[in-house]
Amino acid sequence: MNLEHYAILILSFLLLVYILHKNRKGRRLPPGPWQLPLFGYLPWIDPEKPHETLTKLSRVYGPVCGFRMGSVYTVLLSDPQLIRQSFAKDSITNRAPLYLTHGIMKGYGIICAEGEQWKDQRKFISNCLRNFGMVKHEGAKRDKMEKRISDAVNECVSVLRNRGANGPIDPLDTLHHCLGNLINSIVFGKTYEEDDQIWKWLRHLQEEGVKQIGVAGPLNFLPFLR
């Protein structure tokens with residue numbers, strides 16, 4: 001590639017950046033940082049501590065800041081009062097139209113649902129929890145629910161105390177077991193021993209699912225990776 005080709009590429013890139021900048025101003029978007037075509041501001045977001053990157057942006061550009069995360073335009077709100085006012089509006093409380101939640105999962109599931117589907121699922125879950133004893137007033141059902149929760153917490157504290165008697169420990173597996181068993185008890189009416197093979201497999205699936213979602217995260221913002 002000769003010098004003329006390099007010059008054409010550089011000029012084309014600068015022209016694209018200029019067009020994007022003018023387009024941003026024409027659409028009256030919030031102030032925000034300089035960013036790359038296709039990738040937006042993604043290359044500058046710390047993957048280990050993204051909250052620190054966003055905090056720095058809010059300090060530079062104010063309580064309302066806008067930038068692109070790949071193909072997804074993002075508005076960053078950092079003022080508590082402004083956040084409360086914004087989330088009081090139905091138009092802002094929907095899920096972001098991400099590829100994983102809307103492209104692959106089609107908006108189904110507790111995590112992905114929104115609108116009328118979310119309202120139906122929330123009503124169903126609320127009714128189930130009330131039947132289980134999640135109510136404000138005293139009663140036999142509530143007492144039973146409180147005992148379930150208390151037993152799970154006491155078991156968790158006891159196991160952590162015994163395992164930590166000889167030095168520092170990682171509490172993650174114990175928390176997964178005790179709190180997961182509480183949910184099992186409420187939803188399925190069944191609990192597992194910590195070393196039960198089926199229970200180990202179910203916990204592995206849950207952890208692996210979270211990891212896979214993390215690995216697939218870039219697909220939300222960079223369509224050419226799909």
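In the predicted model, Cys178 is in contact with Ala152, Glu155 and Cys156, when residues up to four places away in sequence are set aside. Cys178 belongs to helix H7, and its relative accessible area of 2% places it among the buried residues, because the cut-off for that class is under 20%. The C-alpha atoms of Cys178 and Ala152 lie 5.9 Å apart, although 26 residues separate the two in sequence.

Two of these contact partners recur in the description of helix H6. Buried residues of H6 include Ala152 and Cys156, together with Met145 and Val159. An α-helix has 3.6 residues a turn, so residues three or four places apart point the same way. The buried residues of H6 pack against helix H5 (residues 115-132) and against H7. Helix H6 comprises 24 residues, from 140 to 163. At 1.5 Å a residue, a span of 34 Å is expected for H6, and the 35 Å between its end C-alpha atoms agrees with this value.

Two further residues of H7 were examined. His177 is also located in helix H7 and counts as buried, with a relative accessibility of 4%. Beyond four places in sequence, the contacts of His177 are Glu155, Tyr192, Glu193, Glu194, Trp199 and Arg203. Glu155 is thus a contact of His177 and of Cys178. Ser185 lies in H7 as well, a helix that covers residues 172-187. The relative accessible area of Ser185 is 15%, and this residue is therefore classed as buried, the limit being under 20%. Ser185 touches Arg148, Lys190 and Thr191, with residues up to four places away in sequence again left out.

With respect to overall architecture, the protein contains nine helices and two strands. Along the sequence, these elements follow the order α-α-β-β-α-α-α-α-α-α-α. Of the 226 residues in the protein, 21% are buried. Among contacts with a separation of 6 or more, 38% are between residues 24 or more positions apart.

The two strands, S1 and S2, run antiparallel and are joined by six bridges. Within this pairing, Phe67 has Thr74 of S2 as its bridge partner, and Val64 stands opposite Leu77 of S2. The strands form a hairpin with two residues between them, in which Gly70 adopts a positive phi near 65 degrees. A positive phi is also found at Leu38, at about 70 degrees, although this residue is not a glycine. Leu38 is situated in the loop between helix H1 (residues 3-26) and helix H2. Its relative accessible area is 65%, so Leu38 is classed as exposed, a class that requires a value over 50%.

The largest pocket holds about 630 Å³ of space. It is lined by 20 residues, of which Val72, Tyr73, Thr74, Val75 and Ala96 are the closest to its centre. At least two lining residues come from each of helix H2 (residues 50-61), strand S1 (residues 64-69) and strand S2 (residues 72-77). The most is given by S2, which supplies five residues. By class, the lining consists of 15 nonpolar, four polar and one charged residues. Thr74 therefore appears in two settings, as the bridge partner of Phe67 and as one of the residues closest to the centre of the pocket.Contacts between distant parts of the chain are illustrated by Leu98. This residue is found in the loop between helix H3 (residues 80-87) and helix H4 (residues 99-104). Leu98 is partly exposed, with a relative accessible area of 22%. Asn220 lies 122 residues away from Leu98 along the chain, yet the C-alpha atoms of the two are separated by 5.2 Å. Apart from neighbours within four places in sequence, Leu98 is in contact with Val72, Gly103, Asn220 and Phe221. Among these partners, Val72 is also one of the residues closest to the centre of the largest pocket.

Methods:
Residues numbered from 1 in each chain as written. Predicted model: local features only at pLDDT ≥ 70, side-chain atom pairs only at ≥ 80, totals over all residues. Heavy atoms only, no water. 1 Å grid on protein atoms, 1.4 Å probe; cavity = no way out; pocket = protein on both sides within 12 Å on 5 of 7 lines; lining within 4 Å. Points joined across faces, edges and corners; volume = space filled by probe spheres on them. Helix = DSSP H or I, 4+ residues; strand = E, 2+ residues; numbered from the N terminus. Nonpolar A, V, L, I, M, F, W, Y, C, P; charged D, E, K, R; others polar. Buried < 20%, exposed > 50% of the residue type's maximum accessible area, 1.4 Å probe, protein only. Contact = heavy atoms within 4.5 Å. Expected span 1.5 Å × (residues − 1). Pairing = 2+ DSSP bridges.
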